[in-house]
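Open the model in your viewer and keep the selection tool at hand. Each stop below says what to select and what is there.

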Amino acid sequence: MIELFDVTKRFGSETAVDAISLRVEKGEFCALVGSSGCGKSTTLRMINRLIEHSEGEIHLDGQPVRSFNEELLRRRIGYVIQNTGLFPHWTVARNIGLVPRLLKWPRGKIRARTEELLGLLGLPREEFADKYPHQLSGGQAQRVGVARALAADPEILLMDEPFGALDPITREALQRELQDIQARLNKTVVFVTHDMDEALALADRLVVMHQGRIIQQGRPIDLLHDPVDAFVESLLGGLDRGLKEAALTRVSERMAPFGPRLLASERIPYRASLSQALSVMLWHRVERLTVVDDEDIPIGELSLRRLLGAKSS
Amino acid sequence: MSESLAPLAPNSEGGRGVAQWRHWGVPLIWLTLLLVFTFGMAQLEVFLRLIEPDTRQVLYHRSSLASLLGQHVFVVAVASVLAIVLGVSAAIAVTRPAGRDFLPLVAQLASIGQTFPPVAVLALAVPVLGFGTLPIIVALLLYGLLPIVRNTLAGLSGIDPGVHEAARGMGMTDGQILRQVELPLAAPVILAGIRTAVTINIATAAIGATVGASNLGDPIISGIVNGNTAYIVQGALLIGLLAITVDSTFERLLRRPAAR
């Protein structure tokens with residue numbers, strides 16, 4: 001659990017973070033969003049003391065972060081940054097094993113852990129363990145970055161725009177993987193991004209920052225429905241808000257059992273989002289879709305009316 | 001950093017055993033030539049006579065070439081080791097948070113000093129330190145300091161800030177970051193600075209003969225004074241070979257993959 005109480009950070013006369021309070025529960029995925037320069041990165045880096053806060057208190061599991069030795073504190077917290085920060089003169093395996101080595105784990109345990117993580121992130125050991133960072137693609141390098149952050153099995157993971165430098169396809173793949181990993185490992189994650197779709201897709205809790213202050217926080221769906229002001233509304237997509245909300249809901253939540261009518265010719269997987277279903281309807285100019293499972297077997301149907309939220313079709 | 005490491009990578013994979021000897025072949029050839037000429041100069045008397053047919057003495061005889069070579073290497077080695085220790089530590093000190101205030105000053109001094117001709121450094125050292133080996137060591141030390149400081153600064157500040165950030169974020173101590181990350185990554189650039197310093201110093205040390213240091217500059221100076229071109233050729237030949245030997249050794253060191 002991470003708690004911030006009235007935390008302020010000043011750089012000279014400039015106030016980067018202005019008396020913010022925030023509580024991230026254990027196992028929660030918290031996304032800090034806002035335009036650049038809003039203080040979200042600074043907030044993140046104050047948690048592992050890469051930046052010291054000027055006022056207020058930051059607690060981890062009830063203990064002030066200042067009560068820990070800063071290196072020991074950081075070894076307990078996973079940290080992922082945008083440009084990976086992999087050491088170019090170390091192999092992938094050695095990069096991943098960094099924190100366990102700092103913690104003086106026995107060599108065999110480090111090797112086993114490194115292999116486990118390479119597997120978890122879909123990087124076959126034989127192919128990747130002995131490569132150097134410059135031999136990796138952007139997506140692979142960031143996978144290694146995530147593996148390195150997870151190496152000593154920290155309870156907390158801080159991620160500073162980890163997928164910001166990746167192309168959209170790789171970014172989506174890594175977001176999905178991060179969701180899977182999070183579902184399995186249940187870490188407490190603080191994730192900084194300026195990509196609202198990314199934040200909406202990943203976060204349990206969304207924290208909107210502007211000019212060093214938190215202006216709204218809550219579940220993504222609540223923020224979409226009740227933006228506190230025009231800034232949050234525009235940040236959450238303005239006119240596109242309906243689509244962003246639809247992207248948060250899966251087809252399976254709205255689908256209906258088969259009615260008396262014939263099966264609709266166009267199909268949609270049950271895992272797809274409502275925004276994707278709407279897109280399929282738009283594309284084919286139809287009002288009904290057949291919902292199929294992973295084996296492409298029809299399991300129900302989705303009408304435009306149900307998609308829009310009406311009770312019956 | 002990563003760009004400069006990229007072309008080195010293929011060396012790091014496979015075929016090391018045999019390749020190692022081939023790699024060191026060039027410096028070994030130059031070293032062999034240097035030793036052959038040092039100990040076998042007498043055999044070349046015939047050729048030296050072609051240069052100076054009228055002079056009775058064509059072989060430098062006041063002391064053996066081997067001992068002059070030894071002196072030369074000794075002076076350069078002492079000055080270079082001191083310059084490396086001082087230069088690298090100074091550059092490290094001013095890139096730490098505590099010493100960062102001095103960074104502009106040291107960087108400035110290093111680039112200004114580089115424009116000083118070595119002879120001028122020597123000329124300034126003699127009145128203070130007198131004649132002999134000491135002034136030449138000091139002059140070489142001062143002159144060698146500059147490329148080393150400059151390159152160490154460049155190497156350390158050329159490291160991707162993301163790497164530094166990650167190292168801190170992972171919980172490495174300042175000492176661990178310096179030893180395991182900064183120095184290995186800056187090593188090729190630092191080594192290039194040392195190479196420049198040592199190579200220049202080998203040539204500059206010869207000037208030390210004018211202030212009473214005995215080394216391979218002796219035959220050259222005495223050749224100039226006595227109008228004996230054969231002496232000059234012997235001194236110049238050996239200094240040249242020594243410089244090339246050392247320089248090609250550094251080239252080898254630099255080409256080896258930084259990651260081992």
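How many helices and strands are there in chain B? Select chain B and count 12 helices and 0 strands. Helices (H or I, at least four residues) and strands (E, at least two) are DSSP runs, numbered from the N terminus.

Before going on, note the ground rules. This is a predicted model, in which local features need pLDDT of at least 70 and side-chain atom pairs count only at pLDDT 80 or more, while totals for chains, interfaces and linings use all residues. Residues are numbered from 1 along each chain as its sequence is written, and chains are lettered from A and ligands numbered from 1 in the order in which they are written.

**Stop 1: chain B by confidence**

Colour chain B by pLDDT, the predictor's confidence in each residue, from 0 to 100. The mean for chain B is 81, and 88% of its residues reach 70 or more. Select helix 9 (residues 161-169) of chain B: confidence is highest here, at a mean of 93. Now select helix 1 (residues 2-5) of chain B, where confidence is lowest, at a mean of 40. Widen the selection to residues 1-16 of chain B; pLDDT stays under 50 throughout. Where pLDDT is low, the predicted coordinates should not be read in detail. For the model, ipTM is 0.83 and pTM is 0.79.

**Stop 2: the long view of one helix**

Select helix 8 (residues 133-157) of chain B. From first C-alpha to last, its 25 residues reach 36 Å. That is close to the 36 Å expected at 1.5 Å a residue, where the expected span is 1.5 Å times one less than the number of residues. Zoom in on Leu145(B), where helix 8 of chain B bends by about 25°. The bend is the angle between axes fitted to the seven residues ending there and the seven starting there. A proline, Pro147(B), follows within four residues.

Is helix 8 of chain B enclosed or open? It is largely enclosed by the rest of the structure, because 20 of its 25 residues are buried. A residue is buried if 20 or more other C-beta atoms lie within 10 Å of its own, exposed if 12 or fewer, and partly exposed in between, with C-beta atoms placed from the backbone. Over chain B, 38% of the 260 residues count as buried.

**Stop 3: where the chains meet**

Show both chains. In contact are 20 residues of chain B and 20 residues of chain A; contact means C-beta atoms, placed from the backbone, within 7 Å. Which helix of chain B gives the most to this side? Helix 9 of chain B does, with 6 residues.

**Stop 4: a strand inside chain A**

Select strand 7 (residues 156-160) of chain A. All 5 of its 5 residues are buried. Ile156(A), Leu158(A) and Asp160(A) lie on one side, with Leu157(A) and Met159(A) on the other.

Add strand 6 (residues 77-81) of chain A, which pairs with strand 7 of chain A in the parallel sense over 5 bridges. Strands pair if DSSP finds at least two bridges between them. Gly78(A) has Leu157(A) as its bridge partner.

Next, add strand 8 (residues 188-193) of chain A, also joined to strand 7 of chain A by 5 bridges and running parallel to it. Here Met159(A) partners Phe191(A).

**Stop 5: a hairpin**

Finish on strand 9 (residues 205-210) and strand 10 (residues 213-218) of chain A, which pair in the antiparallel sense over 5 bridges. Leu206(A) has Gly218(A) as its bridge partner. Between the strands are 2 residues. Select Gln211(A): its phi is positive, near 50°.

Technical notes:
Contact = placed C-beta atoms within 7 Å.
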